[in-house]
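Here are some notes to read alongside the model. Have it open while you go through them.

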Amino acid sequence: MKRTVPLMIVMVGGILMIIQYFIPHQYSLIVFDNYLEWAPIVGAFALILGVGSLTRLHSHKIRRRAKNWQYSWAVLIPLFGMPFFALIMPESLGGGTDVHGVHDFLFMHVQVPIQATMFSLLAFYIASAAFRAFRAKSALATVLLLAAVVVMLGQVPIGAIFGRWLPETGLWILRYPNLAAKRAIMLGVGFGMLATNLKIIFGVERNWLGGAGK
Amino acid sequence: MYDTIGIWVGALFTLAIYSFLYKENPVYRLAEHLVVGISMGYIIVLIYNTVILPKLLEPIFGGNHWLLIIPGLLGLLYITRFIPSIAWLSRYPIAFVMGTGMGIGFPLTMKAYVLRQLEAAVIPLYSSGMPWHEVLGNIVMIFGTLAALIYFFFSKPHKGLFFGTGSKIGIWVIMLGFGATFGFTVMGRISLLIGRIQYLMGDWLHIIE
Amino acid sequence: MGAVNIWEKMLNLDRRWIFLGIGIISIVFFLVGFGMPVTTTKEVENIFDFVNELGPDDAIFIGFDFAPGTQAENMPMAVAVLRHAFHNNIPVFMTAIVPLGQGMAVSALNYVTDPAIDGHYERVLFEDWADYREAGITNREDIIAAWERDGNVLPEGALGWVFEGRDYALLGYLPLFHLVILGMTNSIETQFPVDYHGNPIGEMPMLKEHKSLRDVDLAVTNAASGACTYWITYAREKIGLPIAFGVTGVMATDYYPYIQSGQIIGQMGGLRGAAEYEVLLQENGITATTDKAFRGMDVQSAEHIFIILLIVIGNIAYFAGGFHKKTRLKGRG
């Protein structure tokens, strides 16, 4: 029940879906359509795992007065405040999901700027890394560096100042050697995914079972 | 008024996060935690409004779609993950979603990632009227792909004409590809900064358009 | 020895000086922009041309498959395609592979329909034109005629009306979106019984004409993760739906194989890709001016030059200071 049944569900479900692709019979299509209606419902409940783990982690931190525990309130208050305002609070008191509510404000004017700014910090770090670590130490590293510089210049309008050859060379690198390298990686990833799919379907790969009971 | 306050709050948080570039500080830490809480809170509302209510509760209580109780109950088993004695029950919804997902994905992944790519790699090197740089490009593309594949093939030692030379050419092609990726990565990161400067100087201070 | 010290000092420069340089360049080049021309590439032109051929009888999907973190790159490209579709009266289904992408879709729609912006589209909500639907008026021209006959006037600066349910539907996010795409190849309504605002999808005229992805002409996914390939795997390979990519700079180089194989019709890569689309919109008279992506390109140019200079200086200091030899000596033990 604890391990065999889930493994059987995976195997039967996986094989049925592969068969369904090759033999799209009327009955199998009906089952398939129902499945596609059901799957996002089941998938939606996975949210419980995220919310549960986050709540447990931060409530423990607060209870134990762990280092920086005060900040855990900054996680828990919006975590439950957002649904409270969006789903329970009447619109007249800032509830609902439409513009001018607390939910919209927190998302559009707190979440969006914070997240966008955090990602933009990478612009500073990549400049610093380029200065400190991007070295033409060997022939291969020099090729990498030159390709990067040509593409960087070719992708911006100022690159055209050096002549049309620069952006065109940049595009040539992208369209041919870059494509060759990425296609080889893609084929590798593709075969890897197929192998993993089969390993999971046939129960060879079982890590997903986790440690929740033997 | 709502928008003005919103933009001021957003701008202050933006500056607070940039203060991290000078030194790690409590305002940055606060923002870091807020992002986690708000995004998860947003997702709770979203899942309720787009799945739980219209695809589960309303059909069950408003019509005769009682069969939907099955995915509902299956989904609820995720909760058992937090009750150690019956945590194994949470494997059932995972097994349902994963097994079927793997099965569905298998033939389509085969097509998208493997068959179409192999097909596209088999093209004529030259056709009439084709400029020299495209011909050269096609040669690089076809033999470059093969060489890069040889480089990633570790079951044979990289020695001899085919595996040795092939893998050597392969690594050069891969380096060109990685160089292009680095160039684009720089572009992408700078673009993210541009977005924030536009926000600060445009939406907030109205200095630029 | 003294020379080595200079190079060493240079390489040990406090990185905050570099941060300061990056910041100052951004600000200065926004203030003194040159408006350098952006040339277009066939990767973006192909998307533009494809959308340009479509009209009111067709329909497209625009995927807001990114979170706020990369909105600076993804939003301009999504907005550009949205404007193009609205201009050509192509019905648009707006979806999101990632949860926060839903907020991005709302944000894009608000931006394109913002009355404060010249060249906006005037939005009419689904419930506001319910009477016409009930009277059986679902054709776009007829709706506009009836709507304006009832005293509604297109505001100055607006380019046209967009009716929710006729010109656009904000479907939004659902979990396991690859299966949702697969489901939509049979029925959009089964996957999305209601839209983001809770409006029943089945009552929307655009859905009655485009019941599944088989009745749709193009999907443009604006993405910040590999999830954009779901559209290829589950829609292109299943039913042959044409797909276009709008992806972040970091990802753009990875998808050139899809362009050459014909699995995607084109790709907008990063802010540059979005700027190209904006230029094409302006050149073809669809918008009066370019937008945020194009305006950012001068700063982009300046920052690239600055970073290349940093690389060059870093390498000069590294080799002139003899650090390459030191590393070798260290390596040999």
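The points below cover one helix pair and two backbone spots in this predicted model.

1. Start with the pair that spans two chains: helix 8 of chain A (residues 177-201) and helix 4 of chain B (residues 91-121). Their axes sit 9 Å apart, and the packing angle is about 155 degrees. Angles over 145 degrees count as roughly antiparallel, so that is how helix 8 of chain A and helix 4 of chain B are described. The crossing of these two helices is left-handed.

2. Now look at who meets whom. On the chain A side, the residues of helix 8 in this contact include Arg183(A), Met186(A), Phe191(A), Asn197(A) and Ile201(A). Across from them, helix 4 of chain B brings in, among others, Met98(B), Gly99(B), Phe106(B), Tyr113(B) and Gln117(B). Sorted by class, this contact has 15 nonpolar residues, seven polar and one charged.

3. Next, a backbone check in chain B. His206(B) isn't a glycine, yet its phi is positive, near 55 degrees. You'll find His206(B) in the segment after helix 6 (160-204) of chain B. Is His206(B) buried or exposed? His206(B) is exposed, as 8 other C-beta atoms lie within 10 Å.

4. Chain C has a spot to check as well. Asn89(C), also a residue other than glycine, has a positive phi near 55 degrees. Look for Asn89(C) in the loop between helix 4 (71-87) and strand 2 (92-96) of chain C. Asn89(C) has 19 C-beta neighbours inside 10 Å, so it counts as partly exposed.

Methods: Residues numbered from 1 in each chain as written. Chains lettered and ligands numbered in written order. Predicted model: local features only at pLDDT ≥ 70, side-chain atom pairs only at ≥ 80, totals over all residues. Axes fitted to C-alpha atoms, helices over the stretch in contact; angles between N-to-C directions. Helix = DSSP H or I, 4+ residues; strand = E, 2+ residues; numbered from the N terminus. Parallel < 35°, antiparallel > 145°, perpendicular 65-115°, else oblique. Left-handed = near helix turned anticlockwise from the far one by under 90°. Contact = placed C-beta atoms within 7 Å. Nonpolar A, V, L, I, M, F, W, Y, C, P; charged D, E, K, R; others polar. Buried ≥ 20, exposed ≤ 12 C-beta atoms within 10 Å, placed from the backbone.
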